[in-house]
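Visitor: I'm new to reading protein models. Could you walk me through one, a feature at a time?

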Amino acid sequence: MPSALSRIVPWYLRVTRANRPFVTAAGARQRIRERTLRPLPYGPPRRLRSDVEITVRQDSVRPVYTLTPRSGRARGNVVYAHGGGWVNEIARQHWQLAAEIAARAETTVTLPIYPLIPFGTADRVIPAFAELVLANRAEYGEVCLAGDSAGGQISLSTAILLRDEYDVILPRTVLISPALDLSLSNPEIADVQPLDPWLGRAGGLVLGDRWRGPLPITDPRVSPLFADFAGLGPLTVFSGTHDILMPDVRLLVGKARAAGVRVDYHEEAELVHVYPLTPTPEGRKARAVMIDSLRTALTRPNSSEPSAR
C-alpha cells in the first residue's frame, strides 16, 4: 500500500495538469512551441544543500555544472541526465537529487544542460554525453551514469555507445523510470494508461519522433531496448507500476539479465513515474538505494567488470 504522501501525488499531477504535454499529440506540439519560444531557466535553486559546492563551465555552447561535496572527500564521478520528455529543462527535483548524490555518495556529480527538442536530437546528444563521460574518466577516474525518464534513455543509450565504440564498461548505470522504446508499441501500455496520471502515449509519440532526429526509432541511440545488452555494466533500475513506461522496463530487466548483466530492480506497486524524485517515504527509500549503489560502484576495486546475477 503506498504511503499517504504517495497517494497524494497522482491527485497533484492531475490538478496541476502536469500531463498536458503527454496525453495528446496537440499538447506535445504546443509544449515544443512554448519551450522553443520561451525556454525556462536552468540554473540551480538559490537554496540547495549547504554541504555541496556548485561550479559551472561552458562546454561547446552549453553549460556544464559540477556539484562537489564540501567535505573534500570525493571519489569518482556521476554524470546525471535530467528528464523532462526531451523538451523540459532541468527542474528543482533534479538539482536536489544531484546534490544529495554528491553529498551522501561523496562523489562529484556532473549536470550537463543538454539541448532540447527541436534543437537537440539523439544523434547529436548521445555522442556528446559519451564524450563527456570519457573526459570525466580522465579527470575523476571511475564514472557512473544516471538519469530519469528521458534522461534514463540518454544514460542507457550512452552506456551502450561507450561499450560499442570505445570499449568502455561503466561500473554502474542508474535508471529511474527510463524511456526505452520510443515507438511505445508494447501492447501492455494500453493496460497501464488508465492508471497513469502523468504520461500518455499520444504525446509521447510526438516527443519521441522529434527527439530521434534522422535516426530510426529502433536505433539504440533512440530506443535502447533494441540494443544487445551482452557485456554491459551493472544496472540499478526503478519503476512504479502506474507508469506507462513500466512494461518496457520489465522487458529491459529480463533482456539484460538474460544477457548476463547484473540488474538491481526496484518496482513499487501503485507508484507513479519517477517516484524516487518525490518527497515521499518511498522516494527517500529509493534514493538511499540509489546512493548506496553509486557509492559502492565508485569505491569497489575493478568495479567496471560486469557480473551475472
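Visitor: To start with the outside, what does the accessible surface of the protein come to?

Guide: Accessible areas come from the Shrake-Rupley method with a 1.4 Å probe, and for residues only the protein chains shown count as cover. Here the surface comes to about 13300 Å², and 52% of that belongs to carbon and sulfur atoms. Keep in mind that this is a predicted model, where local features need pLDDT of at least 70 and side-chain atom pairs count only at pLDDT 80 or more, while totals for chains, interfaces and linings use all residues. Residues are numbered from 1 along each chain as its sequence is written, and side-chain values use heavy atoms, with hydrogens and water left out.

Visitor: Why does the radius of gyration agree with a compact globule?

Guide: The radius is taken over C-alpha atoms, and the globule rule is 2.2 Å times the number of residues to the power 0.38. For 309 residues the rule gives a value near 19 Å, and the protein has 18 Å, so the two agree. Along its principal axes, the C-alpha trace spans about 45 × 45 × 45 Å.

Visitor: What share of the residues is buried?

Guide: Buried means under 20% relative accessible area, exposed means over 50%, and partly exposed is in between (1.4 Å probe, protein chains only). In this protein, 55% of the 309 residues are buried.

Visitor: How many helices and strands are there?

Guide: Both are DSSP runs numbered from the N terminus: helices are H or I with at least four residues, strands are E with at least two. The protein has ten helices and eight strands.

Visitor: Which strands does strand 3 join by bridges?

Guide: Two strands pair if DSSP finds at least two bridges between them. Strand 3 (residues 77-81) runs parallel to strand 5, with five bridges joining them. Three bridges also link strand 3 to strand 4 (residues 108-112), again in parallel. For single pairs, look at Asn77, whose partner in strand 5 is Val143, and at Val78, whose partner in strand 4 is Val109.

Visitor: And where do the side chains of strand 3 point?

Guide: In a regular strand the side chains alternate between the two faces of the sheet. In strand 3, Asn77, Val79 and Ala81 point one way, Val78 and Tyr80 the other, and all are buried. Five of the five residues are buried, so strand 3 is largely enclosed by the rest of the structure.

Visitor: Is strand 5 mostly covered or uncovered?

Guide: Mostly covered: six of its six residues, 143-148, are buried. Val143, Leu145 and Gly147 point one way, while Cys144, Ala146 and Asp148 point the other. Strand 5 also runs parallel to strand 6 (residues 173-176), joined by four bridges, and Gly147 stands opposite Leu175 there.

Visitor: Let's try single residues. Why does Pro69 count as buried?

Guide: Pro69 sits in strand 2 (residues 62-69), and Pro69 counts as buried because its relative accessibility is 5%. Contact means heavy atoms within 4.5 Å. Leaving aside neighbours within four places in sequence, Pro69 has contacts including Asp51, Ala102 and Thr107.

Visitor: Where is Pro220, and is Pro220 buried or partly exposed?

Guide: Pro220 is in the loop between helix 8 (201-212) and strand 7 (235-242). At 26% relative accessibility, Pro220 counts as partly exposed. Beyond its neighbours within four places in sequence, Pro220 is in contact with Ser157, Ile160 and Ala227. The C-alpha atoms of Pro220 and Gln153 are 9.4 Å apart, with those positions 67 residues apart along the chain.
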